[in-house]
Amino acid sequence: MVQKYQSPVRVYKHPFELVMTAYERRFPTCHLIPMFVASDIVNEETSEDGSTQKIERRCALDVDAPRLLKRIAGVDYVYFIQKNTLNRKERTLHIESHNETFSNRVVVHETCCYSVCSILPLEMTFDLENSKRYRGKEIIEYYLKELDDEGITHMPRWSPSSHSLPLSSPTSLSTNQPELGIVPADSVPLSADAKDGTSQDAKQDSNMLQNDSLAEILAGTPEDKLDADYIKRYLGDLTPLQESCLIRLRKWLQETHKGKIPKDEHILRFLRARDFNMDKAREILCQSLTWRKQHQVDYLLETWSSPQVLQDYYTGGWHHHDKDGRPLYILRLGQMDTKGLVRALGEESLLRHVLSINEEGLRRCEENTKVFGRPISCWTCLVDLEGLNMRHLWRPGVKALLRIIEVVEANYPETLGRLLILRAPRVFPVLWTLVSPFIDENTRKKFLIYAGNDYQGAGGLVDYIDKEIIPDFLGGECMCEVPEGGLVPKSMYRTAEEVENEDIRLWTEMIYQSASIFKGAPHEIVIEIIDASSVITWDFDMCKGDIVFNIYHSKRAPQVPRKDTLGAHGITSPGGNNVQLIDKSWTLGQDYSMVESPLTCKEGESVQGSHITRWPGFYILQWKFHNMAACSATNLPRVDDVLATLQVSSHKCKVMYYTEVLGSEDFRGSMTSLESSHSGFSQLSAATTNSNQSQSSSMISR
């Protein structure tokens with residue numbers, strides 16, 4: 001097995017000859033590398049003109065291992081051979097090393113090159129054995145400082161006329177000597193003045209370093225290399241192994257991926273999400289790149305325009321930054337009509353809006369990295385749950401939320417730096433139980449939850465956000481432009497036909513069916529249950545009129561009308577017309593039985609519920625026209641019902657519904673949580689019916 005390690009480019013803003021002088025001070029031993037105990041020169045050659053020098057050393061390492069293990073292995077030190085080739089004319093140093101100890105069992109081969117890009121020195125180190133012990137650049141810089149303390153700030157360049165001058169002969173220059181920096185490898189080579197070591201072009205490059213950012217200067221560096229200063233400035237502190245993973249993964253993408261190569265910061269997020277496991281990170285990154293290309297996500301910020309309903313009712317927005325410089329996003333989830341937004345926009349548009357938020361977050365991270373001068377790769381999210389109630393636990397809405405979380409987790413890993421959840425009500429544990437299994441464990445560790453007004457004290461918001469930018473609705477003085485939300489008018493809800501006609505989708509949406517109910521002609525759908533203890537869930541809106549909702553069970557399959565078709569969850573007719581399945585010859589109690597008490601639903605109400613089946617067979621969901629009940633004393637209709645009837649133009653009701661069948665193991669936990677919440681702290685009027693044959697719950701919201 002061959003294991004490769006590749007380090008980033010090390011940049012020294014000093015002349016090459018000075019760096020080489022500092023490098024030689026590492027031998028024969030180096031106190032900064034405790035395990036490097038000795039080195040002996042076994043061979044040395046120098047060319048006639050003195051431009052090339054070859055040195056071969058035998059180096060000893062005192063490896064950190066138990067003495068007993070060393071005795072068993074029969075070694076006290078590990079030896080390796082290092083061959084250095086210094087070309088003073090070309091200003092390069094090539095290093096090759098290999099292990100002498102255990103060479104018949106394992107081969108360690110390292111290469112390293114010091115070179116000058118234009119007139120500026122680069123070092124590319126491969127500290128394989130000692131990567132966890134020391135950093136090559138820090139050691140060279142230590143000796144550079146030592147030379148500076150001794151007054152040695154310049155070493156003369158080699159020339160044919162001065163080859164007799166030893167390289168180790170120092171020349172002291174003024175401390176005002178301009179410091180040289182890195183320039184792109186593909187730029188025009190510059191000539192250095194032999195007298196003072198600095199040309200006019202070099203001085204211009206020095207000034208360029210003072211005026212331009214390092215990122216712009218590095219734009220022309222080789223694609224398979226990274227500069228250490230760039231890593232520290234834009235990516236953060238990385239171990240040598242992490243640096244190597246980043247370089248190798250980027251190089252692999254350049255060789256194999258067709259299309260836009262993501263930025264280093266984005267590649268690094270996927271590596272961190274998989275603990276720098278190359279294979280796992282490569283897999284999820286490739287999947288994400290394919291997804292981005294398929295759905296044109298790279299152009300989302302330019303092409304996506306938020307619908308007006310989002311601008312008015314989506315209670316989220318960007319708001320300054322936190323104390324760490326991370327962009328701050330505020331979401332007033334408790335004030336958001338999640339059901340209204342899903343019904344008015346559909347999951348597709350809501351997802352695209354969330355994706356645009358994440359794309360904007362990436363852009364703001366890059367911007368803040370430049371502003372604050374340090375790597376900022378993630379953002380902080382503040383979620384205010386004031387107003388959260390059972391309406392937010394609308395199952396299709398929760399399902400849409402889980403799908404959005406799934407997409408974001410897969411394509412925007414390691415972008416959430418901290419999540420502050422404020423004013424969490426008692427219903428929050430229910431929502432958390434539903435959502436938390438879909439959130440990565442590393443992400444969950446970033447959650448901070450505050451109940452009530454706990455966020456106002458020590459350890460609260462002031463620890464993470466400057467007092468001056470705390471939003472006014474949280475007791476601060478800063479005006480926040482996040483919309484206040486409110487209920488989305490039902491007139492803005494989409495129909496099933498509008499959902500069907502929608503353009504490119506990122507997933508298959510829940511499609512609501514519409515049906516008309518007439519007096520004496522109910523609308524019915526049948527659901528076949530194979531496994532007992534399955535769960536039938538429903539959600540429907542009363543668009544017009546009042547109905548009575550019933551659930552029946554039959555061992556016999558109902559007769560399907562000829563022109564009707566089988567829908568996703570039951571038998572429905574084209575165009576949402578009325579369908580009747582229960583044969584008029586059937587007798588209640590013999591051919592079929594009622595498994596739940598009838599539920600009366602008024603116009604404008606939204607109903608959500610579930611039924612745990614006890615037997616296999618056929619379950620019929622029925623929406624029936626509601627006849628006014630007569631007053632028991634006078635046998636006359638009640639006044640309220642008469643007034644309601646006058647508002648209905650005909651004996652016709654309209655309902656939009658969605659049903660789904662789940663396995664009990666996928667639903668029982670969440671259903672139990674919801675049922676236990678109804679009586680305790682629901683802010684909605686609720687109706688729960690139970691029978692000795694099954695378990696059921698329904699929730700009505702107005």
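## Terms and model

Buried means under 20% relative accessible area, exposed means over 50%, and partly exposed lies in between, with a 1.4 Å probe and protein chains only. By that rule Arg423 is buried, with a relative accessible area of 15%.

This is a predicted model: local features need pLDDT of at least 70, side-chain atom pairs count only at pLDDT 80 or more, and totals for chains, interfaces and linings use all residues. Residues are numbered from 1 along each chain as its sequence is written, and side-chain values use heavy atoms, with hydrogens and water left out.

## The chain as a whole

The protein chain holds 18 helices and 25 strands. Helices (H or I, at least four residues) and strands (E, at least two) are DSSP runs, numbered from the N terminus. Of the 702 residues, 50% count as buried.

Contact means heavy atoms within 4.5 Å. Among contacts between residues at least 6 apart in sequence, 74% join residues at least 24 apart.

## Helix 1 and the loop after it

Helix 1 covers residues 16–24. In this helix 8 of the 9 residues are buried, so helix 1 is largely enclosed by the rest of the structure. The buried residues include Phe16, Leu18, Val19, Met20 and Tyr23. Glu17 and Thr21 are buried too.

Pro28 lies in the loop between helix 1 and strand 2 (36–46). A cis peptide bond joins Phe27 to Pro28, with omega about 0°.

## Helix 7 against helix 9

Two packed helices are described by the angle between their axes and the distance between the axes. Here axes are lines fitted to C-alpha atoms, for helices over the stretch in contact, and angles run from 0 to 180 degrees between N-to-C directions. Angles under 35 degrees count as roughly parallel, over 145 as roughly antiparallel, 65 to 115 as roughly perpendicular and the rest as oblique.

The axes of helix 7 (residues 240–256) and helix 9 (residues 278–294) come within 11 Å and cross at roughly 40°. The two helices are therefore oblique to each other. Their crossing is right-handed; that is, the near helix is turned clockwise from the far one by less than a right angle, while anticlockwise would be left-handed. Helix 7 brings Cys245, Arg248, Leu249, Trp252 and Leu253 to the contact, and helix 9 brings Met278, Arg282, Leu285, Cys286 and Leu289. By class, these residues are 8 nonpolar, no polar and 2 charged. Ala, Val, Leu, Ile, Met, Phe, Trp, Tyr, Cys and Pro count as nonpolar, Asp, Glu, Lys and Arg as charged, and the others, Gly among them, as polar.

## A five-strand sheet

An open sheet is formed by 5 strands in the order 8-9-10-11-12, with mixed pairing. Strands pair if DSSP finds at least two bridges between them. Strand 8 (316–321) and strand 12 (447–451) stand at the edges, each with a single partner strand, so one side of each has no neighbour in the sheet. Neighbouring strands are turned by 20° against each other on average, direction ignored. Helix 12 (residues 338–372) packs on the sheet and touches strand 8, strand 9 (327–331) and strand 10. The direction of helix 12 makes about 5° with that of strand 8.

Strand 11 (residues 416–424) is mostly covered, with 9 of its 9 residues buried. Strand 10 (residues 379–384) runs parallel to strand 11, and 6 bridges join them. Strand 11 also pairs with strand 12 in the parallel sense, over 4 bridges. Leu419 of strand 11 is the bridge partner of Cys381. Leu419 also stands opposite Phe447 in strand 12.

## Helix 12 against helix 13

The axes of helix 12 and helix 13 (residues 395–411) come within 11 Å and cross at roughly 25°. These helices are therefore roughly parallel to each other. The crossing is right-handed. Helix 12 residues in the contact include Leu350, Leu351, Val354 and Leu355, and those of helix 13 include Arg403, Ile404 and Val407. The contact has 9 nonpolar, 1 polar and 2 charged residues.

## Strand 23 and its partners

Strand 23 (residues 652–662) is mostly covered: 8 of its 11 residues are buried. Strand 13 (residues 513–518) is joined to strand 23 by 6 bridges and runs antiparallel. There, Phe518 stands opposite Lys652. Strand 15 (residues 535–544) pairs with strand 23 in the antiparallel sense over 9 bridges. Thr537 faces Glu660 of strand 23.

## Positive phi

Most residues other than glycine have a negative phi. Asp275 has a positive phi of about 50°. Asp275 sits in the loop between helix 8 (264–273) and helix 9, and is exposed at 63% relative accessible area. Arg423 has a positive phi near 55° and lies in strand 11.
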